[in-house]
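This report describes the fold, confidence and selected side-chain contacts of one protein chain. The sequence and coordinates are shown first, and the discussion follows.

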Amino acid sequence: MRDTRESRLLLVLLIAIAFALITVDIRGGQDSPVDGARHAAATVFGPVENGVASAVNPVGNAIGAVRDSGARHNRIAVLQKENTELKQRLGSDDRNRSRVRELDKMLAKAGAGQYGIKGAEVIAIGAAQGFSWTVTIDIGANDGITRDMTVLNGDGLVGRVTTVGPSTATVLLANDPDFTVGTRMESSDELGFATGQGDRPLSVQLLNGKAKIKKGDRLVTFGSSKDRPFVPGVPVGEVVQVDPSGGDLTRTLYVRPFVGFTKLDLVGVVVEAPRQDPRDTVLPPKSGPTPTPTVTVTVTPSPNANTEVNGEANTGNPDPNARPDTNANANPDPNANPDPNANGQADDQE
């Protein structure tokens, strides 16, 4: 339609009529004069509206799904984050339980040797100080740590403190080639010196070249003057190989350390030495095969049974004229005839 004067007047007239009808409809309420026209229009245009709605609704639903997909994606992301945090907490709980067991084990070692220790956590490995076998712990001079203190954990000797800062300290591990500690063999008290060999067993030089050493024997620290750098009695390791003496003055052993140096976590620095040498008391009990009990057969005369073996009576009918065999546990007579009743029955010869 052209924008002419007549078209503008027609538009204004239609708007006026619409307002008039709306006013009449509102004032009329339920008795509105246009109510019949409204019903007629609903009857005519209702089916058309339903058809249009059925055609348009899928499009509207798709648009709504696209609009809501962002919210659902955000909700999935939140749930995934919560699951990740839950898994981390569960892993952390397992880790905490493992550390509690490790701490209990270390405290048991310290209690057995009467060592006063201060617990620490390994926070760095040797790469921070070079290529030597060292670790950094999270306590230092502010915690009373000084140079040349013994370091242990729940398995045994870890090393000694070499450098101390205000809040950290460096520990030279027992498997470092520059590490040497005096040792004493369990039970035999043979003395020697253990030297680290990196990821290989410790090399131990025994002072007695004729000492009788076998695989499986264990060593502890011998101790140092004034307990620096080593306190006595700390478990070192177990013999895995013994070199032949060959008439030398010393003898070489190879010892697998009790401590796993590649998986250190919690350690204890000995800040107070024991009053007495604990000797072998800090070593764990040896695990060996259970001895087989010896069965002893005892023959006892009884008026109600022929013999009694290990407390179980023979229920056979006794011979009233028989006498008990008094040689049941004695050495047999080489000239005697074998007893034909060798099943524990009494001799029925007169």
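## Helix α1 and its surface patch

L10 is located in helix α1, which spans residues 5–28. With a relative accessibility of 40%, L10 is classed as partly exposed. A nonpolar patch on the surface is formed by L10, L13, L14 and I17, whose accessible area together is about 360 Å².

## Overall composition and confidence

The model is predicted. Its secondary structure consists of two helices and 14 strands. Of the 350 residues in the protein, 27% are buried. The accessible surface amounts to about 23300 Å², and carbon and sulfur atoms contribute 55% of it. Among contacts with a separation of 6 or more, 57% are between residues 24 or more positions apart.

The mean pLDDT of the protein is 76, and 62% of the residues reach 70 or more. Among the elements, β3 has the highest mean pLDDT, at 97, whereas strand β13 (residues 308–309) has the lowest, at 41. Over residues 305–318 the pLDDT stays under 50, and the model has 26 contacts beyond four places in sequence for these residues. The pLDDT is also below 50 over residues 340–350, a stretch with 16 contacts in the model beyond near neighbours in sequence.

## Strands β3, β4 and β5

Strand β4 covers residues 157–164 and is mostly covered, with six of its eight residues buried. Strand β3 (residues 150–152) runs antiparallel to β4 and is joined to β4 by three bridges. In this pairing, V151 stands opposite G159 of β4. The hairpin of β3 and β4 has four residues between the strands, and G156 adopts a positive phi near 155° there.

On the other side of the sequence, β4 pairs with strand β5 (residues 169–173) in an antiparallel arrangement with five bridges. T163 is placed opposite T170 of β5. The strands β4 and β5 also form a hairpin, again with four residues between them.

## A buried serine in strand β8

Is S203 buried or exposed? S203 belongs to strand β8, which comprises residues 200–206. Its relative accessible area is 14%, so S203 falls under the 20% limit and counts as buried. Once neighbours within four places in sequence are set aside, S203 is in contact with F193, A194, T195, Q197, T252, L253 and Y254. Of these partners, T252, L253 and Y254 fall within the residue range of strand β11 (residues 251–257).

## Salt bridges

Side chains of opposite charge can pair when their charged atoms come close. The structure holds ten salt bridges. Three of them are listed with the separation of the closest N and O atoms.

| Salt bridge | Closest N and O atoms |
|---|---|
| R99 with E121 | 3.3 Å |
| D148 with R160 | 3.2 Å |
| E238 with R256 | 2.8 Å |

What does the R99 and E121 pair tie together? R99 lies in helix α2 (residues 35–113) and E121 in strand β1 (residues 116–125), so this salt bridge ties together parts that are 22 residues apart in sequence. Both partners are partly exposed: R99 has a relative accessible area of 21%, and E121 has a relative accessibility of 29%.

D148 forms its salt bridge with R160. This pair links distant parts of the chain, twelve residues apart, with D148 in the loop between β2 (134–137) and β3 and R160 in strand β4. D148 is partly exposed, at 22% relative accessible area, whereas R160 is buried, at 17%. The salt bridge of R160 therefore involves a residue that lies under the 20% limit for burial.

The third pair is E238 with R256. E238 is in strand β10 (residues 235–242) and R256 is in strand β11 (residues 251–257), so the salt bridge ties together parts that are 18 residues apart in sequence. E238 counts as partly exposed at 24% relative accessibility, and R256 is likewise partly exposed, with a relative accessible area of 43%. In addition, R184, D189, R279 and D280 are joined into one network by salt bridges that share partners.

Technical notes
Residues numbered from 1 in each chain as written. Predicted model: local features only at pLDDT ≥ 70, side-chain atom pairs only at ≥ 80, totals over all residues. Heavy atoms only, no water. Buried < 20%, exposed > 50% of the residue type's maximum accessible area, 1.4 Å probe, protein only. Pairing = 2+ DSSP bridges. pLDDT = per-residue confidence, 0-100. Contact = heavy atoms within 4.5 Å. Patch = residues over 30% accessible without salt bridge, like charges linked within 9 Å, V, L, I, M, F, W, Y side chains within 5 Å. Areas by Shrake-Rupley, 256 points an atom, 1.4 Å probe, with all protein chains shown as cover. Salt bridge = Lys/Arg side-chain N within 4 Å of Asp/Glu carboxyl O.
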